[in-house]
Amino acid sequence: MTAQIVRYGELQPCKTAFIDAHTPGSNQKENFTIIGGGVSESPDQHVHIADPIGFNIGAAGQPPKCRNSLHSHRTAEVFFVAKGRWRFFWGRWGNAGEVTLEEGDIINIPTGIFRGFENIGTDYGMIMAILGGDDAGGGVIWAPQVITDAADHGLVLSEKGKLYDTKKGQSLPAGVQPMPLLSDAELAAFPEPTTLDVVPHYVARYWDMMALADKQPAKVIGENAMLRDKPGFEVEFLTRGSLPDAPYKVATNEVLMPVRGHWRADVNGDTNTLAPGDTCLVKPGANLHLAPSMTGEASLYRIRSTKDAAGLTWRP
């Protein structure tokens, strides 16, 4: 198939994906792995599309006041808000800085810092994620207090990144050690950027992108984009006037993720309608005709793989 679609209403959540799954305040979150293996630590995680495409697509769903604990990544972690209002915070203790994002807003969180996020809206919220690299950086690096808090609630993470639930009678296999806590020297290497360091360079707002994409795609993440980075993929924002009414040949792995409105994606003559929350993977070589399928507000993120190696966040 030249196009593969995962519908929002068919997403399968995992409620035991990470080490904080039993920790009060984080024990109601749901993790979704849409394209690629993701970073889940649980064998219960369902992967919708396992194809390696150079980056991963996932999502996190949380009820109000539920948060994701402080962690870090070795490659890019990008979020855009699909539903609700979210607070993103960072630093060793989560108090170095924070920013609130609304629906459609996007953040390219710098690698090498501890970060967390919380649903501060009034309803169940959803954020969509892009992780750099086929292996998404090899997993999650947790702040030490997250690991020790989790142990108090029965979850132990092995040195190989696999989760064991002592409340279910599970224990680490013979010869396997628990994930070691970061030392003080290692922790000192994690930056503590301020809000002024992060927001101007790593956050883009929905209505600004809507304005910039009036006659062409708005370049959101890329070497010469609004958020300058080379994470192994680039992100564009499209509206009704961004594309000519004609098909184009897809040159690299391309993922379409509508934000608002409905979009018609014709791939080699096979036509499907995409709604907000849906994810569509289009493979190289396909002929794609993409356009809104009805009147009204329409917006969509388009993610494309690049030849850049997945690695640390880059900004000249």
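Here are some exercises on a predicted model, each followed by a worked solution.

**Exercise 1. The largest pocket**

Find out how much space the largest pocket has and which residues lie closest to its centre.

Solution.
- Step 1: Start with the volume, which is about 270 Å³ for the largest pocket.
- Step 2: Turn to the lining, where 17 residues are found; the closest to the centre are Arg74, Val140, Ile141, Leu157 and Met179.
- Step 3: Sort the lining of the largest pocket by class, and you get 10 nonpolar, four polar and three charged residues.

**Exercise 2. The second largest pocket**

Which strand gives the largest share of the lining of the second largest pocket?

Solution.
- Step 1: Look at the space first: the second largest pocket holds about 200 Å³.
- Step 2: Its lining has 14 residues, and those nearest the centre are Ser42, Asp44, Leu163, Asp165 and Gln170.
- Step 3: Trace the lining back to the strands. Strand S14 (residues 163-165) gives the largest share, with three residues.
- Step 4: As a finish, sort the lining of the second largest pocket into six nonpolar, four polar and four charged residues.

**Exercise 3. Cavities**

How many cavities of 30 Å³ or more does the structure hold, and what lines the largest cavity?

Solution.
- Step 1: There are three cavities of 30 Å³ or more.
- Step 2: The largest cavity encloses about 260 Å³ of space.
- Step 3: Its lining is made of 27 residues, with Phe18, Asn31, Val39, Glu77 and Leu131 nearest the centre.
- Step 4: Several strands supply at least two lining residues each: strand S2 (30-35), S4, strand S5 (67-72), strand S6 (77-83) and strand S11 (125-132). The largest share, six residues, is from S4.
- Step 5: By class, the lining of the largest cavity splits into 13 nonpolar, 11 polar and three charged residues.
- Step 6: Move on to the second largest cavity, with a volume of about 50 Å³. Among the residues that line this cavity are Cys14, Lys15 and Phe18. Its lining divides into four nonpolar, two polar and three charged residues.

**Exercise 4. Aromatic rings**

Describe the pair of Phe55 and Phe233, then the pair of Phe79 and Phe88.

Solution.
- Step 1: Recall that the distance of the centres and the angle of the planes describe a pair of aromatic rings.
- Step 2: The whole structure has 11 aromatic pairs. In one of them, Phe55 and Phe233 are 5.7 Å apart from centre to centre, with 55 degrees between the planes, and the pair is tilted.
- Step 3: Place these two rings along the chain. Phe55 is in strand S4 (residues 55-62) and Phe233 in strand S18 (residues 233-239), so to speak distant parts of the chain, 178 residues apart. Both Phe55 and Phe233 are buried.
- Step 4: For Phe79 and Phe88, the centres are 5.7 Å apart and the planes stand at 40 degrees, so this pair is tilted. Phe79 is buried at 3% relative accessibility, and Phe88 is buried with a relative accessible area of 1%.
- Step 5: Look for a group of rings too: Phe80, Tyr206, Trp207, Phe237 and Tyr301 form one aromatic cluster.

**Exercise 5. Charges over rings**

Which ring lies under the charged end of Arg92, and which under Arg260?

Solution.
- Step 1: The charged end of Arg92 sits over the ring of Trp93, at 4.0 Å from the ring's centre.
- Step 2: Arg260 lies over the face of Tyr206, 4.4 Å from the ring centre. Tyr206 also belongs to the aromatic cluster of Exercise 4.

**Exercise 6. Two open sheets**

Work out the strand order of the seven-strand sheet and of the four-strand sheet, and name the edge strands.

Solution.
- Step 1: The seven strands run in the order S1-S23-S20-S25-S18-S16-S17, in an open sheet with mixed pairing.
- Step 2: At its edges are strand S1 (3-6) and strand S17 (227-228), each pairing on one side only.
- Step 3: Inspect one pairing: strand S20 (residues 254-260) and strand S25 (residues 299-305) are antiparallel, over six bridges. Val255 has Ile303 in S25 as its bridge partner.
- Step 4: The four-strand sheet is open and antiparallel, in the order S19-S24-S21-S22.
- Step 5: Strand S19 (248-249) and strand S22 (270-274) each have a single partner strand, so one side of each has no neighbour in the sheet.
- Step 6: S19 pairs with strand S24 (residues 287-292) in the antiparallel sense over two bridges, and Tyr248 has Leu288 in S24 as its bridge partner.

Methods: Residues numbered from 1 in each chain as written. Predicted model: local features only at pLDDT ≥ 70, side-chain atom pairs only at ≥ 80, totals over all residues. Heavy atoms only, no water. 1 Å grid on protein atoms, 1.4 Å probe; cavity = no way out; pocket = protein on both sides within 12 Å on 5 of 7 lines; lining within 4 Å. Points joined across faces, edges and corners; volume = space filled by probe spheres on them. Nonpolar A, V, L, I, M, F, W, Y, C, P; charged D, E, K, R; others polar. Phe/Tyr/Trp six-rings, centres within 6.5 Å; stacked < 30°, edge-to-face > 60°. Buried < 20%, exposed > 50% of the residue type's maximum accessible area, 1.4 Å probe, protein only. Lys NZ or Arg CZ within 6 Å of the ring centre and 35° of its normal. Pairing = 2+ DSSP bridges.
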